[in-house]
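Colleague: Please take one helix of this predicted model and go through it closely. I would like its geometry, its surroundings and the empty space beside it.

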Amino acid sequence: MSGKKERNKERREKRLQEISLLRTIPYSDHQRWWSQETVAVVTGANRGIGFEIARQLAGHGLTVILTSRNISVGIEATKALQEGGFSYDVHQLDILDVESISAFVEWIKQKYGGIDILVNNAGVNYNLGFDNSVEFARQVVDTNYFGTKNMIKAMISVMKPSAAAARIVNVSSRLGRLNGRRNRIQDATLREKLTNLETLSEELIDRTVSSFLQQVEDETWQSGGWPQTFTDYSVSKLAVNAYTRLVAKELCDRPQGEKIYINCYCPGWVKTAMTGWAGNISPEVAADTGVWLSLLSDQAITGKFFAERREINF
Ligand code: NDP
């Protein structure tokens, strides 16, 4: 291993040790803006990182609604969690199905009146290792970007006003970094437009992903200057990251008491079904930054991208 790689590995391991330590420090009464009345919704919570985020949030004393596109799997997951003695509820939710989303929103209104935290965790990736197939590109972009967008649009209307602010956390990926050193869109003008908040728009993000999907259909995507690793997945998460910044901008004028903070984070490379259990960290550690962002107190952080509780550039 080269000296630089070795140093990066050491830095990362040190940071993961710090995170393990941070996770053992309980929140003080002063930091706890939440109670058991605080409602958190986690999408795709029947397994993997979503399951862990649900478990940890409930462990902090919130009421957690575990959602799953397959309700029987969701119920089984909830039973496993309830053994820990915390407060969970469960509901069917497919983030690609508008009827499922509307039924969920109606149920939330009737049963809880609203929610305080939305964790958009549900996602798909069909590549492993060095594979870079785009066979499922539409499914990947639809789920990761359009599904997440569907949920944000539907849930903003049921986010409860609160002095501490409601929160949205999008589970994203470093692979979707716009301006990382590697794996980025080659077109510098497009990158600049997607980076600059003056030119960033929903239409631009949608147009970017549509252009990628069109090239997949035309079989020209390989020369399209898209990210080179897990291309469909990277494009989908790039769109999630850009949309996070856009929504943060749109929500920033809300008056105190009605604020909604929205951020995204990369959980790292995680041992879950998505990676064929080949990742280098556990779902417990991977959930940490999502839980931390959900519970941030005294900090009006919005429109940012994090990894291991640290802000990184988009
Ligand atoms: P898993 O494959 O273990 O879990 C994905 C979850 O998303 C499952 O519960 C799955 O449901 C659900 N899901 C997929 N499509 C839909 C849908 N249409 N509606 C509702 N739920 C859906 O993956 P991870 O736990 O690893 O991934 C969680 C998140 O973390 C994803 O957004 C992923 O992109 C992100 N991430 C993961 C990394 C990793 O290394 N694992 C790295 C970076 C980011 P079902 O069980 O029904 O399939």
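Modeller: Helix 9 bends by about 30° at T289. Its end C-alpha atoms are 18 Å apart, and this agrees with the 18 Å that its 13 residues should span at 1.5 Å a residue.

The helix is mostly covered, with 11 of the 13 residues buried. The buried residues of helix 9 are P283, then A286, A287, D288, T289, G290, V291, W292, L293, S294 and L295. T289, where the bend lies, is thus listed with the buried residues. Around the helix, the packing partners of these buried residues are helix 1 and helix 2, together with strand 4 (117-120), strand 5 (166-171), strand 6 (260-266) and strand 7 (305-307).

Next, the empty space. Four cavities of 30 Å³ or more are present in the structure. The largest cavity has a volume of about 70 Å³. Its lining consists of L16, I19, Y265, C266, P267, G268, I281, V285, A286, D288, T289 and E308. Two or more lining residues come from each of helix 1, strand 6 and helix 9, and helix 9 gives the most, with four. T289 is one of the lining residues, so the residue at the bend also borders this cavity. By class, the lining has eight nonpolar, two polar and two charged residues.

The second largest cavity has a volume of about 40 Å³. Among the residues lining this cavity is L293, which is buried in helix 9; the others are R167, I168, V169, Y261, N263, L296, Q299 and I301. The elements that give two or more residues here are strand 5 and strand 6, and the largest share, three residues, comes from strand 5. Both strands are also packing partners of the buried residues of helix 9. The lining of the second largest cavity divides into six nonpolar, two polar and one charged residues.

Helix 9 also borders open space. The second largest pocket holds about 390 Å³. It is lined by 19 residues, and R23, I25, Y27, H60 and R309 are the closest to its centre. Helix 1 (3-24), helix 2 (48-59) and helix 9 (283-295) each give two or more residues to this lining. The largest share, four residues, is from helix 9. In the pocket lining, nine residues are nonpolar, six polar and four charged.

How values were computed
Residues are numbered from 1 along each chain as its sequence is written. This is a predicted model: local features need pLDDT of at least 70, side-chain atom pairs count only at pLDDT 80 or more; totals for chains, interfaces and linings use all residues. Side-chain values use heavy atoms; hydrogens and water are left out. On a 1 Å grid over the protein atoms alone, a cavity is a set of points where a 1.4 Å probe fits but cannot get out, and a pocket is an open set with protein on both sides within 12 Å along at least five of seven lines; lining residues have an atom within 4 Å of a point. Grid points are joined across faces, edges and corners, and a volume is the space filled by probe spheres set on the points. Ala, Val, Leu, Ile, Met, Phe, Trp, Tyr, Cys and Pro count as nonpolar, Asp, Glu, Lys and Arg as charged, and the others, Gly among them, as polar. The expected span of a helix is 1.5 Å times one less than its number of residues. The bend at a residue is the angle between axes fitted to the seven residues ending there and the seven starting there. Buried means under 20% relative accessible area, exposed over 50%, partly exposed in between (1.4 Å probe, protein chains only). Contact means heavy atoms within 4.5 Å.
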